[in-house]
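Colleague: Could you walk me through one part of this model up close? I'd like to hear about the ligand and what surrounds it.

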Amino acid sequence: MLTIYGVYRSRASRVYWMVEELGLEFESVRVIQARRLANPLAADALINTLSPDFLAINPMALIPSIKDGDLVMHESLAITLYLARKHGGPLSGKTVEEDGLMTMWTIWAATEVEPHSVRIVYVYDDEKQNSDDGKATINVAVRSLKKPFATLEKHLATNDYIVGNRFTAADLNIAEVLRYAQTQQALFDAHPNISAWIKRCQSRPAYIAMQATRSEEPV
Ligand SMILES: N[C@@H](CCC(=O)N[C@@H](CS)C(=O)NCC(=O)O)C(=O)O
């Protein structure tokens, strides 16, 4: 049985979306971010990323992690690639070349996009989007996203999806990383190919199911 450690309101959403896509049975162990608790080490604290039981799974104290048989894995974007590869089908690479491109685009999302897009989310999480500091942080992040957005916009001018003209784990990974910037309507309006593509990704029944469960989770 596949076990997912995390909560839907975290980067674990990527893994929950993938298991919906693949129709996998799984067990979910609710592990919340330590930063969301006043005293994560209190005896009666919810299981969180600093709980000893979870640190035994992931000493990095970050969600998500998975356990699949004897295999323990961390890093949300690697987990989705692994699950797609293990369970096969159109979401994984059909050739070594497709695999290579899916890895390339995923690492691109993690290194060139996420460091900026996640800063936008943190501003909103802290409800600082209307403050001067919050607006300044968002402006810097949006400026930093212009080059990666232009790159993806160009790619999507001749491709409906990232790799192999079909929805794959690469689309799921990039869509989830770009979602962190989706509050920035003007940025998306300036990139119509990206807007249309992310709409295609987020219209998938598996994404809608994941979001439905996520929205039931306490904020
Ligand atoms: N690169 C890691 C990042 C994981 C990460 O930063 N997880 C956050 C939640 S989205 C976390 O566990 N934070 C712990 C905390 O905030 O206390 C991944 O993609 O899995």
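Modeller: Let's start with a nitrogen atom of the ligand: a polar backbone atom of I63 sits 2.8 Å from it. Keep in mind that this is a predicted model, so treat every distance here as computed from that prediction. On the oxygen side, there are two contacts to look at. One ligand oxygen atom is 2.7 Å from an N or O atom in the side chain of S76, and an oxygen atom of the ligand also lies 3.0 Å from a polar backbone atom of A34. So how much of the ligand does the protein bury? Taken alone, the ligand exposes 520 Å², and the protein buries 83% of that.

Now zoom out a bit to the neighbours. There are 13 residues around the ligand, and R11, R35, I63, E75 and S76 come nearest. You've already met I63 through its backbone and S76 through its side chain. Sorted by class, the shell holds five nonpolar residues, four polar ones and four charged ones. And where does the ligand sit? The space it takes up is the largest pocket.

One last step back, to the whole protein: the domain assignment gives domain 1 as 2-88 and domain 2 as 96-207. Their C-alpha centres are 22 Å apart, and 13 residues of domain 1 touch 22 residues of domain 2.

Terms used
Residues numbered from 1 in each chain as written. Predicted model: local features only at pLDDT ≥ 70, side-chain atom pairs only at ≥ 80, totals over all residues. Heavy atoms only, no water. Near = heavy atom within 4 Å. Polar contact = N/O pair within 3.5 Å; in protein donor to acceptor, adjacent residues only side chain to side chain. Areas by Shrake-Rupley, 256 points an atom, 1.4 Å probe, with all protein chains shown as cover. 1 Å grid on protein atoms, 1.4 Å probe; cavity = no way out; pocket = protein on both sides within 12 Å on 5 of 7 lines; lining within 4 Å. Sits in = over half its atoms within 2 Å of the grid points. Nonpolar A, V, L, I, M, F, W, Y, C, P; charged D, E, K, R; others polar. Domains from an automatic or database assignment. Contact = heavy atoms within 4.5 Å.
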